Amino acid sequence: MTRALTRTSFHSAELVRVLAELSLLDTVEQGDAFAEKLGQWVSFTDAITLSAVHSASTSGPSGMPEGVTSGQRMALDKAFDRVQAGLVSSIGRLPKELSSPEVDTLDDPAFAYEPYRRHYQAQQREIELKLSPLRVHVREVLGQSSPRLRKLAALDAALDGILCEREGRLLQKLPSLLEKRFKHLRQGREQAAEWLADFCQEMQTLMRAELDLRMQPVLGLIEACQRESITGQHKINE
């Protein structure tokens with residue numbers, strides 16, 4: 001299976017580590033500071049929405065399944081792996097005009113980075129295009145399952161609506177942050193071969209780290225299905 005993602009806190013996220021290693025992130029805040037800032041993302045009305053979702057009844061009509069079936073779990077695993085593999089493969093395919101550009105395209109400092117910015121932004125759109133339907137699908141499966149998983153799906157939908165816009169604005173800054181690295185590597189090096197290959201590898205590493213971060217909510221939902229299945233099996237065997 002392709003899956004290599006693991007549940008992590010924001011501080012241990014691969015994206016933060018990569019940004020720090022590329023000197024694009026000055027400091028990583030301590031846990032309490034991060035929790036405080038995350039609270040600033042949630043407005044008073046958002047908090048009311050989350051509270052209402054959390055308090056809402058999750059009882060379903062009689063005959064509703066009490067958990068995700070093994071077949072559904074396998075289908076979710078396969079869907080996750082398929083989307084992840086496709087996006088990782090897309091990130092790994094770097095157009096020749098970026099890896100081996102014409103010399104004159106790098107001559108003008110004001111425009112040399114633009115093809116790389118457009119490429120990164122295109123990859124971000126591809127990630128969003130593939131991940132959003134997958135996340136919705138996983139929520140739909142959970143929403144037809146046990147009360148606990150139905151509530152989790154509802155909370156995920158609410159949080160997605162509350163946080164996605166601000167998260168999107170932050171992630172849209174990554175191509176501009178990467179431009180600083182591009183200029184730093186280029187500085188004082190006349191031949192592109194001296195630095196461009198390193199930059200392209202770093203750009204792909206950053207893209208994979210962003211993908212890792214953005215797939216965490218979907219992975220968390222799928223892992224919740226697996227944990228509930230294991231818990232239910234233990235109860236049956238007791």
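## Overall fold

Read from one end of the sequence to the other, the protein follows the pattern α-α-α-α-α-α-α-α-α, and its secondary structure accordingly comes to nine helices and zero strands. The model is a predicted one, and the values given below are computed from it.

Of the 238 residues of the protein, 37% count as buried. The accessible surface comes to about 14,000 Å², and carbon and sulfur atoms account for 54% of that area. When contacts between residues at least 6 apart in sequence are considered, 84% of them join residues that are at least 24 apart.

## Aromatic pairs and the aromatic cluster

The count of aromatic pairs in the protein comes to seven. In one of the pairs, the rings of Y113 and F199 have their centres 6.3 Å apart and their planes at 75°, and because planes over 60 degrees apart count as edge-to-face, this pair is classed as edge-to-face. The pair links distant parts of the chain, since Y113 lies in the loop between helix 5 (96-99) and helix 6 whereas F199 lies in helix 9, with their positions 86 residues apart in the sequence. Both Y113 and F199 are buried.

F199 also takes part in a pair with F182, whose ring centre lies 5.0 Å from that of F199 and whose ring plane stands at 80° to it, so that this pair too is edge-to-face. Here again distant parts of the chain are linked, F182 being placed in helix 8 (residues 174-186) and F199 in helix 9, 17 residues apart. F182 is buried, as is F199. Taken together, Y113, Y116, F182, W195 and F199 form one aromatic cluster.

## Two glutamates in contrasting settings

How exposed or buried are E97 and E210? E97, which is found in helix 5, has a relative accessible area of 55%, and because the cut-off for exposed is over 50%, E97 is classed as exposed. Between E97 and Y116, a member of the aromatic cluster, the separation is 19 residues in sequence and 9.7 Å in space, taken from C-alpha to C-alpha.

E210, by contrast, has its place in helix 9 and is buried, with a relative accessible area of 1%, which falls under the 20% cut-off for buried residues. Once its neighbours within four places in sequence are left aside, E210 is in contact with L15, Y120, Q124, L171 and L174.

## The second largest pocket

About 450 Å³ of space lies in the second largest pocket. Its lining is made up of 18 residues, and the ones closest to the centre of the pocket are E128, S132, E167, G168 and R214.

Which helices each supply at least two residues of this lining? They are helix 6 (114-143), helix 7 (147-171) and helix 9 (196-237), and helix 6 gives the most, with nine residues. Sorted by class, the lining of the second largest pocket has seven charged, six nonpolar and five polar residues.

## Helix 9 across these features

Helix 9 recurs in several of the features described above. Helix 9 holds F199, the partner of Y113 in a pair that links distant parts of the chain, and it also holds the buried residue E210. Helix 9 is, in addition, among the helices that each supply at least two residues to the lining of the second largest pocket.

Notes
Residues numbered from 1 in each chain as written. Predicted model: local features only at pLDDT ≥ 70, side-chain atom pairs only at ≥ 80, totals over all residues. Heavy atoms only, no water. 1 Å grid on protein atoms, 1.4 Å probe; cavity = no way out; pocket = protein on both sides within 12 Å on 5 of 7 lines; lining within 4 Å. Points joined across faces, edges and corners; volume = space filled by probe spheres on them. Helix = DSSP H or I, 4+ residues; strand = E, 2+ residues; numbered from the N terminus. Nonpolar A, V, L, I, M, F, W, Y, C, P; charged D, E, K, R; others polar. Buried < 20%, exposed > 50% of the residue type's maximum accessible area, 1.4 Å probe, protein only. Contact = heavy atoms within 4.5 Å. Areas by Shrake-Rupley, 256 points an atom, 1.4 Å probe, with all protein chains shown as cover. Phe/Tyr/Trp six-rings, centres within 6.5 Å; stacked < 30°, edge-to-face > 60°.
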